[in-house]
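Hello,

Here is the structure I promised to pass on. Please have a look at it first, and then read my notes below.

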Amino acid sequence: MGAGVPSAGGLLDPDGAMDRLAAWKGRIDQLAADTKAMSDRLQELRVTVADGNGLAEVTVDSSGALLDLRLGSRIQRVAPEVVARTIMDTIREAKRQLADRSQEIIADTVGTESAAARAIAERVGQQLRDTDDAGDGPDDQYGRW
């Protein structure tokens, strides 16, 4: 090594720097593609859940918004407040399932190693899961009809 000139592969090696830059660009391009795939899959996500008593079936979109509500004929034999509670519980369950599926999509596309991926998964979970819910579903509160 002469007069303070680094050897090949050192910090000032132009070929090494270009290789590192190309590798970095490749990782960034892959991350961008993975992020787009994640976004596309999340936007298309829909979840449909029916309660165990055949009173209600709901479909929610990727943001947790209610897209569809179907009521079974059994609602005519059940008190209105039970029907209302069942609908709300079924919506909460659909959102919980949506959060789980969203987090699976995030893990499948961008992984769980990065802080950004973990933050996205956490935010999705917070937005969709009802944290003040104790896990009681319509079957737990009202029994089978």
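**What I found**

Starting at the N terminus, the elements of the protein chain follow the order α-β-β-β-α-α-α. That comes to four helices and three strands, where helices (H or I, at least four residues) and strands (E, at least two) are DSSP runs numbered from the N terminus. Please keep in mind that this is a predicted model: local features need pLDDT of at least 70 and side-chain atom pairs count only at pLDDT 80 or more, while totals for chains, interfaces and linings use all residues. Residues are numbered from 1 along each chain as its sequence is written, and side-chain values use heavy atoms, with hydrogens and water left out.

Of the 145 residues in the protein chain, 30% are buried. Here buried means under 20% relative accessible area, exposed means over 50%, and partly exposed lies in between (1.4 Å probe, protein chains only).

**The sheet**

The three strands make an open sheet in the order β1-β2-β3, with antiparallel pairing. Its edge strands are β1 (47-50) and β3, each of which pairs on one side only. From one strand to the next, the twist averages 10°; for angles, axes are lines fitted to C-alpha atoms, for helices over the stretch in contact, and values run from 0 to 180 degrees between N-to-C directions.

Two strands count as paired if DSSP finds at least two bridges between them. β1 and β2 are joined in the antiparallel sense by four bridges. Val-47 has Val-60 as its bridge partner in β2, and Ala-50 has Glu-57. The hairpin of these two strands has five residues between them, and Gly-54 takes a positive phi near 75° there.

On the other side, β2 (residues 56-60) and β3 (residues 66-71) pair in the antiparallel sense over five bridges. Val-60 turns up again here, standing opposite Leu-66 in β3. This hairpin also has five residues between its strands, and Gly-64 in the turn has a positive phi of about 90°.

Which side chains of β1 are buried, and which are not? Val-47 and Val-49 point to one face and are buried, whereas Thr-48 and Ala-50 point to the other and are not. In a regular strand the side chains alternate between the two faces of the sheet.

**Helix α1**

Trp-24 is found in helix α1 (residues 14-44). With a relative accessible area of 47%, Trp-24 is partly exposed. Together with Met-18, Leu-21 and Ile-28, Trp-24 forms a nonpolar surface patch with about 430 Å² of accessible area in total. Patches are made of residues with over 30% relative accessible area and no salt bridge, with like charges joined within 9 Å and nonpolar side chains (Val, Leu, Ile, Met, Phe, Trp, Tyr) within 5 Å. The areas come from the Shrake-Rupley method with a 1.4 Å probe, and for residues only the protein chains shown count as cover.

Lys-25 is in helix α1 too, and is partly exposed at 48%. Its side chain makes a polar contact of 2.7 Å with that of Asp-29. A polar contact is a pair of N or O atoms within 3.5 Å; within protein, one must be able to donate a hydrogen and the other to accept it, and residues adjacent in sequence count only if both atoms are side-chain atoms.

**Salt bridges**

I counted a side-chain nitrogen of Lys or Arg within 4 Å of a carboxyl oxygen of Asp or Glu as a salt bridge. By this rule there are eight salt bridges.

- Asp-40 and Lys-36 meet at 3.0 Å, N to O. Both lie in helix α1, four residues apart, about one turn of the helix. Asp-40 is partly exposed at 32%, while Lys-36 is exposed at 52%.
- Arg-70 and Asp-68 have their closest N and O atoms 2.9 Å apart. Arg-70 is exposed at 51%, and Asp-68 is partly exposed at 26%.
- Asp-100 and Arg-129 have their closest N and O atoms 2.0 Å apart. Asp-100 lies in helix α2 (residues 80-109) and Arg-129 in the loop between α3 (115-128) and α4 (138-142), so the pair ties together parts that are 29 residues apart in sequence. Asp-100 is partly exposed at 37%, and Arg-129 is partly exposed at 27%.
- Arg-85, Asp-89 and Arg-92 are joined into one network by salt bridges that share partners.

Best wishes
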